[in-house]
Amino acid sequence: MKTYWILLVILCLSLSLFAGCAFLPGPRALSYAPEDQLVILSREQYREFVASQDVILGTDRSELVEKVGQRMAGATEEYLALQARTDELSRYSWSFSLLREPCRNLWAAPGGFTAVCADFWPYVQNENGLAAVMAHEYAHLVAGHGRELMSAALKKRIGAPLSTALLEEPDATRQIWREVFGMGNPQQIYPYSLQQEAEADRIALTLLALAGYDPRQAIQMWEHLYRLENSEKTENFFIRHPVSTERLERMRNALPEAMKYFEG
Ligand SMILES: [Zn+2]
């Protein structure tokens with residue numbers, strides 16, 4: 001039996017060189033989307049996206065988006081410092097835009113480029129709810145989830161890493177970016193895996209606590225989203241973030257760890 005397992009591991013290691021192996025966890029597939037290059041592309045795509053939108057400036061709500069954004073950005077940087085990842089801080093330049101577009105969504109791309117639709121307000125309800133959604137998206141950023149999707153999509157659809165893909169297939173590569181980071185057709189987005197969602201939920205609670213927002217109120221916001229009618233859950237954010245009783249339960253279980261960082 002022992003010999004069987006050794007042979008299986010050797011077989012997996014060999015296969016993983018070509019196609020990955022389901023039996024072994026292996027390193028996370030990120031090599032097709034180097035972080036620094038992804039940040040440059042994200043800045044370009046975010047600026048293009050925001051320039052095509054009606055941006056709301058100088059209102060109480062736009063100032064609140066900026067305030068909550070800065071607070072969550074600070075917490076995200078503190079989280080990276082706690083993880084001894086200060087070398088990554090220079091990649092974040094943070095930007096927050098409130099859009100008049102009739103949509104219910106919040107996006108965050110590598111580098112901290114964030115946009116939120118004004119129509120999302122009834123769903124996040126208040127400052128705590130907005131912070132909770134931002135925290136969740138920033139948790140995806142620090143966990144590298146979008147980068148994982150981007151790397152896998154480049155490998156599968158272009159067959160080349162980001163720098164080569166941009167030279168050889170610039171339009172298709174930018175289309176993949178829009179699908180991965182959700183700034184495109186709601187029907188053409190890459191969903192995060194359940195594992196990625198669970199990880200983002202857990203990290204987000206800690207980010208909120210570090211920012212001084214009560215993580216318990218984030219769970220109330222997710223419970224509110226859970227109670228929404230299905231007919232309201234048709235936008236990118238809801239397609240990507242189906243809320244189930246199991247999800248809520250996992251968040252409640254992660255709460256004690258996050259509360260260690262919350263000073264109230
Ligand atoms: Zn998510």
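This is a conversation about how some terms apply to a predicted model.

Colleague: What makes up the secondary structure of the chain?

Modeller: The chain has twelve helices and four strands. A run needs at least four residues to count as a helix and at least two to count as a strand.

Colleague: Why is the sheet called open, and which strands stand at its edges?

Modeller: The four strands lie in the order S1-S2-S4-S3, with mixed pairing. S1 (55–56) and S3 are the edge strands: each has a single partner strand, so one side of each has no neighbour in the sheet.

Colleague: How do you know that S1 and S2 pair?

Modeller: Pairing requires at least two bridges between the strands. S1 and S2 (residues 95–99) have two bridges, in the antiparallel sense, so the pair meets the cut-off of at least two. Isoleucine 56 has leucine 98 in S2 as its bridge partner.

Colleague: What makes S3 and S4 a pair?

Modeller: Four bridges join S3 to S4 (residues 113–117), and the two strands run antiparallel. The cut-off is at least two bridges, so S3 and S4 count as paired. Phenylalanine 113 in S4 is the bridge partner of alanine 109. Three residues separate the strands in this hairpin, where glycine 111 has a positive phi near 105 degrees.

Colleague: What makes you say that both faces of S3 are covered?

Modeller: On one side of S3 (residues 106–109), Leu106 and Ala108 are buried; on the other, Trp107 and Ala109 are buried. To be called buried, a residue needs 20 or more other C-beta atoms within 10 Å of its own. Across the chain, 35% of the 264 residues count as buried.

Colleague: Which helix lies across the sheet strands?

Modeller: Helix H2 (residues 35–51) lies across S1, S2, S3 and S4, and runs at about 30 degrees to S4.

Colleague: Why is the crossing of H6 and H8 described by an angle and a distance?

Modeller: Two packed helices are described by the angle between their axes and the distance between those axes. For H6 (residues 145–158) and H8 (residues 170–181), the axes come within 10 Å and cross at roughly 145 degrees. The crossing of H6 past H8 is right-handed. Residues making the contact include Leu149, Met150 and Arg157 of H6, and Ile176, Trp177 and Phe181 of H8.

Colleague: How many residues of each class does the contact of H6 with H8 have?

Modeller: By class there are ten nonpolar, two polar and one charged. Gly counts as polar and Arg as charged, and Gly146 and Arg157 of H6 are among the residues in the contact.

Technical notes: Residues numbered from 1 in each chain as written. Predicted model: local features only at pLDDT ≥ 70, side-chain atom pairs only at ≥ 80, totals over all residues. Buried ≥ 20, exposed ≤ 12 C-beta atoms within 10 Å, placed from the backbone. Axes fitted to C-alpha atoms, helices over the stretch in contact; angles between N-to-C directions. Left-handed = near helix turned anticlockwise from the far one by under 90°. Contact = placed C-beta atoms within 7 Å.
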